[in-house]
Amino acid sequence: MEEGRDVDSSFSNSGDDSGGGCFFLDHVGEVLLSRNHHGLSWKCLDCEGTTCLGIRNCENSQTEIKFSDIYAVEFVSYGLVHSPKLGLRHAKECFRERLLNTQEMYRFTVHGFQSSPKEPCLWKLAAFTFGHMDLQTCQTWIDQLNYSLIKEVERPRNLLVFVHPKSGKGNGSKIWETVSKIFIRAKVNTKVIVTERAGHAFDVMASIQNKELHSYDGIIAVGGDGFFNEILNGYLLSRLKVPLPPSPSDSFDSAQSRASSSVAESGDAVHETDQKEHYPLLPDSVQEVMNFRTVNGSCEGIEYPDHPFTGGRPRFGLIPAGSTDAIVMCTTGARDPVTSSLHIILGRKLFLDAMQVVRWKTASTSTIEPYIRYAASFAGYGFYGDVISESEKYRWMGPKRYDYVGTKIFLKHRSYEAEVTYEEAESENSKASLHLRSKTWPFRNTSRSEKILCRANCSICNSKVGGNIVSTTPNSCPEKTRWCRTKGRFLSIGAAVMSNRNERAPDGLVVDAHLSDGFLHLILIKDCSRPKYLWHLTELAKRGGEPLNFEFVEYHKTRAFTFTSFGEESVWNLDGEIFEAHQLSAQVLRGLIPLFASGPEI
């Protein structure tokens, strides 16, 4: 075996391809290892020809790894480097030759990941152990590789971690205990807070000083969507200052009444708003500043003293331990704690839209008193609210409670009277014939539109989203705002920020919803018979289904909507948390949440 001559000179900070050295790769054999500005690669010297009986020892083995996919490099002491595994035990001569190559030497391991061939979104831990007879040669490679990893500037070094021990099946602490070893190996410091009560994480995030908060590179939740919502609200409610969406009374004044139809009748007038906005929860001193919006609706250029958003927002991360884990499914593509941990450690980054929800009244007789909450994935009323409310009685059942309670609520078949107004997006104008499509089956529409799915490096999400854009509110161009109104009885009302894929709905509520497109996806399920509603739910539960393709389903892309209930009331489900409201408004805040993720590989 060669001794890796002039290894020091093989490394160059110029980014050019470097020379290499001969090493033994554990369970593979002798390789020529080289490094360039992209990563490591190796060539199996035993594979230049064929081995005994024509079998190649390193066939189908990985031969390169990018620096962006390496999370740790470590020295693993002096020990055995194993020879390649042989397929034929009776090849005695070849076996004796391989035994000579199984020997003790100095070793270092490169830790990274491999994507599953069948599930590219699922990342598996991978380790490549290289051996060399010279200790200094190993140490030189380790130092240079670690130097290359340090230059990966987006990677976190200090994290604040919240662990929900009772989340999902009650294994939040066990999941963190498992993945924490990866963080330790990657030399990521973590301050861990195991929550002891409901609202514990919210209180910590609301009270933590900005100076301490900025000492962390990210905030991590080990739990479900509801736990992530709690942490997000604790952070945002005391820090984020943006205009509130119009109240139901404001939007009603400018809404175009359409009874229960979402199709513009000929001769309908377009009502446009042109009033000064007022934000009851904000000091008068910032009212004038808040009323100024840029053309694209961003908050660019608006600054507040001691406001963390002006100096950069912390990234958030989510390690799944919940009952549905829809946010993780949509942002990484896999409901897997190891995959999510690697996204965090490797510094993957994307921006998520958020929904600001303002409750104006808790009951019809209540006084107007705005109360703000934020949701990262979904807000639902009626069926969705009844399920989350009733399931609180059956927490002892774990995630199975949703199937049991969902069946009960379906059989009760409750509908609720409500009025919804929504801002009509530009794309809605071009789809005015949403319900005027040809039919071949009763209650179904046959037209199909091309669907662009959200994925890693999504062009739709990456357009006009960056570090300076905090939100896109519906009031950015008030003179062009058009509001539409629909009133009736609804089985459910849903507003999705993302597709919300999960195990019960593999394509999500809206298959082509994007993580950061600046839209809410408003889904109104009008009162219908049980068989029709069951058909809708069945389509929702299967891959490739068309749950929105029914005449009793209204679907609108919007930037804001308002809601007012009449008579018997349900509750709202905000990312798995109960939210009572008689009147509320909601608006999308585009790209508000920086997240440790890269999007699903499709």
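Colleague: Why is strand β10 (residues 218-223) described as largely enclosed by the rest of the structure?

Modeller: Six of the six residues of β10 are buried, so the strand is largely enclosed. Buried means under 20% relative accessible area, exposed over 50%, and partly exposed in between (1.4 Å probe, protein chains only). Bear in mind that this is a predicted model, where local features need pLDDT of at least 70, side-chain atom pairs count only at pLDDT 80 or more, and totals for chains, interfaces and linings use all residues. Residues are numbered from 1 along each chain as its sequence is written, and side-chain values use heavy atoms, with hydrogens and water left out.

Colleague: What makes 218-223 a strand, and which way do its residues point?

Modeller: Strands are DSSP runs of E, at least two residues long, while helices are runs of H or I with at least four, numbered from the N terminus. In a regular strand the side chains alternate between the two faces of the sheet. Here Gly 218, Ile 220 and Val 222 point one way, Ile 219, Ala 221 and Gly 223 the other, and all are buried.

Colleague: How do you know that β10 pairs with strand β8 (residues 158-163)?

Modeller: Two strands pair if DSSP finds at least two bridges between them. β8 and β10 have five, in the parallel sense, so they meet that definition. Val 161 stands opposite Ile 220.

Colleague: What makes strand β12 (residues 315-320) a partner of β10 too?

Modeller: Six bridges join β10 and β12, again in the parallel sense. Ile 219 has Phe 316 of β12 as its bridge partner.

Colleague: And how much of the whole chain is buried?

Modeller: Of its 602 residues, 56% count as buried.
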